[in-house]
Amino acid sequence: MLNDRLLVELDADAAERRSSGGIVIPATAAVGKRLAWGTVAAAGQQVRQVEVGNRVLFDPDERGEVELDARTYLLLREKDVHAVAQPGVGGAGTGLYL
């Protein structure tokens with residue numbers, strides 16, 4: 001990876017989701033701006049705040065797709081990441097930082 005680029009694998013649950021009533025909403029359903037979660041698979045040498053293995057929140061419309069070893073990854077800039085999730089310590093708080 002070069003410069004501030006991130007290679008992100010989209011989370012499996014991003015394709016379809018469930019409403020609070022249990023209704024399955026397909027990925028093709030038209031929804032307003034919805035951000036997506038993914039896991040960082042690789043990072044460029046100038047990436048400062050994100051590490052490989054972090055879960056990141058990003059806008060899926062601002063991305064490029066690449067296929068490696070029959071798996072689809074997204075190519076992002078570090079500035080396109082909105083949040084990074086960290087595991088909660090002892091169940092206190094959400095474990096998210098912006």
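This is a short tour of one protein chain, stop by stop, in a predicted model.

**Stop 1: the whole chain**

Show the chain as a cartoon. The protein chain has nine strands and zero helices, so every element in the N-to-C order is a β. Now colour the chain by residue number. Of the contacts with a separation of 6 or more, 57% join residues that are 24 or more positions apart.

Switch on the surface. The accessible surface comes to about 6,900 Å², and carbon and sulfur atoms account for 50% of that area. Of the 98 residues in the chain, 30% are buried.

**Stop 2: the nonpolar core**

Hide the surface and select Leu6, Val8, Ala36, Val40, Val47, Val50, Val56, Phe58, Leu74, Leu76, Val81 and Val84. These 12 residues form the largest nonpolar core. Which strands each supply at least two residues of this core? They are β1 (5-10), β4 (36-43), β5 (55-58), β7 (71-77) and β8 (81-85). In soluble globular proteins, nonpolar side chains tend to be buried together.

Keep valine 81 selected and look around it. Apart from its neighbours within four places in sequence, valine 81 is in contact with Leu6, Val56 and Leu57.

**Stop 3: aspartate 4 and its partners**

Next come the charged side chains. The whole structure contains three salt bridges.

Select aspartate 4 and arginine 5. Their side chains form a salt bridge, with 3.6 Å from N to O. Arginine 5 has a relative accessible area of 26%, so it counts as partly exposed.

Add arginine 77 to the selection. Arginine 77 also forms a salt bridge with aspartate 4, and the closest N and O atoms are 3.7 Å apart. Aspartate 4 sits in the segment before β1 and arginine 77 in strand β7, so this pair ties together parts 73 residues apart in sequence. Arginine 77 is partly exposed, at 35% relative accessibility.

**Stop 4: arginine 71 and glutamate 9**

Stay on strand β7 and select arginine 71, then glutamate 9 in strand β1. How far apart are the closest N and O atoms of this salt bridge? They are 2.6 Å apart. Because one partner lies in β7 and the other in β1, the pair ties together parts that are 62 residues apart in sequence. Arginine 71 is partly exposed at 41% relative accessibility, and glutamate 9 is partly exposed with a relative accessible area of 26%.

To finish, select Asp4, Arg5 and Arg77 together: salt bridges with shared partners join them into one network.

Conventions: Residues numbered from 1 in each chain as written. Predicted model: local features only at pLDDT ≥ 70, side-chain atom pairs only at ≥ 80, totals over all residues. Heavy atoms only, no water. Helix = DSSP H or I, 4+ residues; strand = E, 2+ residues; numbered from the N terminus. Buried < 20%, exposed > 50% of the residue type's maximum accessible area, 1.4 Å probe, protein only. Contact = heavy atoms within 4.5 Å. Areas by Shrake-Rupley, 256 points an atom, 1.4 Å probe, with all protein chains shown as cover. Core = buried A, V, L, I, M, F, W, Y, C linked by side-chain atoms within 4.5 Å. Salt bridge = Lys/Arg side-chain N within 4 Å of Asp/Glu carboxyl O.
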